[in-house]
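The following paragraphs lead the reader through one protein model. Please keep the sequence and the structure in view while reading.

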Amino acid sequence: MATKQRSRSRRSGPSRDRGPRYVAPVLDPNWHSPYSPTHAEKHANHKIVRAFALRKKLPQSIGVAVVVLALVAGVIVVPWLPVVGIAIALLYAWDLRRALVRYEAKGLALGNLVLDQFKIGGTETDRLRLTTVMDRLSATFGVDAVSTYIVSDPGYNAALVPSRTGLSFFVTDAVMRDFELIELEGVVAHCLARHRLGLLLRESVAAVAVTSDESRRALAGQGLAYRADEVAAAAIRYPPGLAGALRRCAAQELSSTSFFAGATYAQWRWIWFDMWSGRVSDLSDLDDVELRARALEEW
């Protein structure tokens, strides 16, 4: 009998230890969400513009460097030649700095140029609806001083661009008429995400730079539209809304009278929500609206 009791005691003992145990959470202070823009990411995008401006001045820079080195080497013949060389180098550095500022200034004034291309459209209800969406999402993205414009055009598109007074958001009255509210929110969030990522300056300078289409695309950042989609979808927490907006852009039949069928759009395409408006879908291109929609639908 005693043996049976000891046996039952041994069997019942471990069962008391099988209950759930508290495990203290381990928090990693260095963890960062992959869907949140980082300061380093934004800084890297800003540096691209300066690197582009420096490359445009590279031939002049090489010529000045050769002259300065020749003058410095001439100290053996004429002692004061290095002074002249240093003066030339300082003057050129000052001019180079001015060139960088000029490139950025052209991009920062793009909002005024875009406004000149359109007529103002939309109803009072549309304007109130857009202002409400923008006010709510700009607070979410930490963006201030955004002027909103509904422009008259039969194509679906939108853009957030720098202007002299801050930021200007343009959206066509076709979007306001046909898009659901959650789809409009996705478009606005995408454009604000580009600002958070530091892409606006790259894209606006690419739009106004005198260069080839290939250089414009490299400067604006190929494939970065999908990165902005990720940030936007995570912020609004509803990827199907943004995917629906992209689907509508992919399915539209672009009118020949639309701004988005013209040469100016071809030069400015990188600032727009749909960078390839009217193009047959190319699923090898991360900027393609059809591909971006499919990727969001798989979230």
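A useful place to begin is V171: setting aside neighbours within four places in sequence, V171 is in contact with L130, Y149, I150, V151, N157, A158 and M176, where contact means heavy atoms within 4.5 Å. The model is a predicted one, in which local features need pLDDT of at least 70 and side-chain atom pairs count only at pLDDT 80 or more, while totals for chains, interfaces and linings use all residues. Residues are numbered from 1 along each chain as its sequence is written, and side-chain values use heavy atoms, with hydrogens and water left out.

V171 also belongs to the largest nonpolar core, which has 42 residues; L160, F169, V171, V188, L192 and F273 are the members that touch the most others. Such a core is a set of buried Ala, Val, Leu, Ile, Met, Phe, Trp, Tyr and Cys residues joined through side-chain atoms within 4.5 Å. Buried here means under 20% relative accessible area, exposed means over 50%, and partly exposed lies in between (1.4 Å probe, protein chains only). Helix α8 (residues 181–196) supplies the largest share of this core, seven residues. Helices (H or I, at least four residues) and strands (E, at least two) are DSSP runs, numbered from the N terminus. In soluble globular proteins, nonpolar side chains tend to be buried together.

Confidence is given by pLDDT, the predictor's confidence in each residue, from 0 to 100. The protein chain averages 87, and 92% of the residues score at least 70. Helix α7 (residues 173–178) has the highest confidence, at a mean of 98, whereas helix α1 (residues 2–15) has the lowest, at 50.

Two helix pairs illustrate the packing. The axes of helix α4 (residues 81–108) and helix α9 (residues 199–208) come within 8 Å and cross at roughly 95°. This crossing makes α4 roughly perpendicular to α9. Axes are lines fitted to C-alpha atoms, for helices over the stretch in contact, and angles run from 0 to 180 degrees between N-to-C directions. Angles under 35 degrees count as roughly parallel, over 145 as roughly antiparallel, 65 to 115 as roughly perpendicular and the rest as oblique. Y103, E104, K106, G107 and L108 of α4 meet L201, S204, V205 and V208 of α9. By class, this contact has five nonpolar, two polar and two charged residues. Ala, Val, Leu, Ile, Met, Phe, Trp, Tyr, Cys and Pro count as nonpolar, Asp, Glu, Lys and Arg as charged, and the others, Gly among them, as polar.

For the second pair, the axes of helix α11 (residues 224–236) and helix α12 (residues 239–251) come within 8 Å and cross at roughly 135°. Here α11 is oblique to α12. D229, A232 and A233 of α11 make the contact with P239, L242 and L246 of α12, a set that divides into five nonpolar, no polar and one charged.

R237 lies in the loop between α11 and α12. R237 has a positive phi of about 60° although it is not a glycine, and R237 is exposed, with a relative accessible area of 73%. A145, in the loop between α6 (124–141) and β1 (146–151), likewise is not a glycine yet has a positive phi of about 60°. A145 counts as partly exposed at 45% relative accessibility.

Is the arginine of helix α10 (residues 213–220), R217, buried or exposed? R217 counts as buried because its relative accessibility is 18%. Beyond neighbours within four places in sequence, R217 is in contact with Q222, W270, W276, D285 and D287.
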